[in-house]
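Student: Please give me a close look at one part of this model, the packing of helices against each other. I would like the crossing geometry and the residues on each side.

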Amino acid sequence: MRQAFGYIIVLLCFPLIWILYSFIHSEILTASEFKESLKEAIPLNTPVITSPIVLLDKDKEIFSEDYVEWRDPLPLESIPLFVQEVLIQSEDAEFYNHIGFNFSAIFRAVFANAAANASDQGASTITQQLVRLRYLSTEKTYERKVTELVYAYEMEKQTEKDEILENYLNEIYFSNQVYGIGAAATYYFGKPLNELTEAQQVFITAIPNNPSLYNPLENFEATKKRQELLIEVLVKNNKISAEHGNSLKNEPIVLQTKTKKQLYPVYSTYVLDELKSLISSNEGFQQKIDSASNEQQAVFLKNELQTRVNEVISQGLIVHTALDPHKQKEDVTYIDKLLDRTNDLQAASIVINNETREIVSMFGGKDYKKFDFNRANQAVRQPGSALKPLLVYGPVFETTSLTSNNEISGGKLCIMSYCPQNYGGAIYGNVSLKQAFRFSHNTPAVRLLQTVGIEEAFAKLEQFQFNHLVPGDHTYPAALGGLTNGVTVLEMADAYTGFINGMYKPAHAIQKVTNKNGDSLYEWQEEKIEVWSPTTVHTMRDLLADVVANGTGKGISVQSSYIGAKTGTTNDFYDYWITGLTDTYTAAVWIGYDMPKNMKPIESKKIHHKIFNQIMN
């Protein structure tokens, strides 16, 4: 009797629900100030959906993926008709006939809920489910349901059926942070949707009905039963034969779950940082930031840039890089093992391909984890004598008639209160420029900077990408690498590429950025410029080679017809450097402690020499 009474109450209340819907619909129509259409009153904007960013090495193999949600959206024409049919038959058989909601299904659901004294019986169409995914909460109340009907009706007015179905198939949740049927295929079976068997396709379509209950990684048997139920629906609706259905049920299901690739963390961390610079350069942000009238405006522009970067990344990108995976692995393994024998000693290195001017290998610190502090491009340290070829000797040969055979005094020197000393306080008479360079004498370097002129010398240095120089650096101590802030390992390796052939182009890790369809989005646009004359290049390469053969670079041994390098040691032995080049690579190595301390006790171990030998082979 009570059940019959419940049915009567529902019948009486149903017109009230319809009236309520009509009232809400009317209110929305009149809510706009200019009484515009419902389309403007309920703007059904496509939500921002974050897609994966994939990094490829030089061989076009994936080495890193970054995503919180795994997505692989597909156009409807790429989704097999069989999969579409399974979802339609199981979720919304009248999809192509209704106006966004199905009144008969709602009517049945209301009766069922009344009989059960509950509100969890579903009657949602595919359109309603998409609306709920995008715009509404998942609470099961009649009020939310009515709002859902309004949105679904409006979505049907604004959008074609096929577009609704495509969006639904790409946005429904498949458990384990997997969204969309295409992503489910690659996540659970490791191959594209169109390569799955029909049994596998039905299996993954079983998941969205209840992603927790039908999570195949935790409840495989429940998912399998749901798959078999869907197959029975297809048979019942004459979409497949009973024999075919039995065949699908009996096919073994073996999962091959995807694991996120996170190889070479220091390189991938740097690539993501460079990506921001690439977008900034290509879209004009960097020029605006550099010309900002004040710090407040610069901060505003930087925030705008970050917003733009987030927007671009969310669309899903494929970043093509110059990474040499074999070399990267060998270099990192060697240096990590070498540093394990020390306490807190750290190191950083960059290797650049001479022909392409691309970064092929990088070391950012011992036991580096993704997004750690990257000492290769973030640590700003004093360069010591490794800066002399760029600030002193290169400019000398470029702007004067001096040659490496000319002599210069290695004796005491004071310029006002500045009195530099040679290593160990040694005092020399006249020495050739070649000898002064070979043994990195200090007083000759300062005298040579006097000869060139500080401003002229810094004009040559500013051809390169030294981002931490300040006007206060334009002093004589800079001849010995004494700077206000310092330089990074990347900046040093990058600048030394000018000694390859006198031509310079900033070194980068990124070759190009494309979308998943292969359309090019971003590339670096810099052209090579001449920074050193052929005569200067010839002389400098000869001096750098002499350092390795006869000077402070002894112990460097690389399989190459040419090897040239310059060492650097800073005050109190806080930093050791080697920067140089071979026929194939240009590289820079730094070792030191994050909290600087004297490294004189380990000088004889020549750890930086060993690292240089490894990364240059």
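Tutor: The answer takes the helix contacts pair by pair. The model is predicted, with local features requiring pLDDT of at least 70 and side-chain atom pairs pLDDT 80 or more, while totals for chains, interfaces and linings use all residues. Residues are numbered from 1 along each chain as its sequence is written, and side-chain values use heavy atoms, without hydrogens or water.

Start with helix H8 (residues 181–189) and helix H9 (residues 198–205), whose axes come within 10 Å and cross at roughly 110°. Helices here are DSSP runs (H or I, at least four residues) numbered from the N terminus; axes are lines fitted to C-alpha atoms over the stretch in contact, with angles from 0 to 180 degrees between N-to-C directions. H8 and H9 are therefore roughly perpendicular to each other (65 to 115 degrees; under 35 is roughly parallel, over 145 roughly antiparallel, the rest oblique). On the H8 side, Ile 181, Ala 184, Ala 185, Tyr 188 and Phe 189 are in contact (heavy atoms within 4.5 Å) with Gln 200, Phe 203, Ile 204 and Thr 205 of H9. By class, 7 of these residues are nonpolar, 2 are polar and none is charged (nonpolar: Ala, Val, Leu, Ile, Met, Phe, Trp, Tyr, Cys and Pro; charged: Asp, Glu, Lys and Arg; polar: the others, Gly among them).

Next come helix H5 (residues 126–134) and helix H7 (residues 161–171), with axes that approach within 10 Å and cross at roughly 55°. That angle makes H5 oblique to H7. H5 contributes Ile 126, Thr 127, Gln 129, Leu 130, Leu 133 and Arg 134, and these meet Ile 164, Leu 165, Asn 167, Tyr 168 and Glu 171 from H7. The contact of H5 with H7 contains 6 nonpolar, 3 polar and 2 charged residues; Arg 134 lies on the H5 side and Glu 171 on the H7 side.

The remaining pair is helix H3 (residues 81–91) with helix H10 (residues 220–236), again with axes within 10 Å, here crossing at roughly 90°. H3 is thereby roughly perpendicular to H10. From H3, the residues Phe 82, Glu 85, Val 86, Gln 89, Ser 90 and Glu 91 take part, facing Arg 226, Leu 230, Val 233 and Leu 234 in H10. The contact of H3 with H10 divides into 5 nonpolar, 2 polar and 3 charged residues. Glu 85 and Glu 91 belong to H3, whereas Arg 226 belongs to H10.

Note on methods. Helix = DSSP H or I, 4+ residues; strand = E, 2+ residues; numbered from the N terminus.
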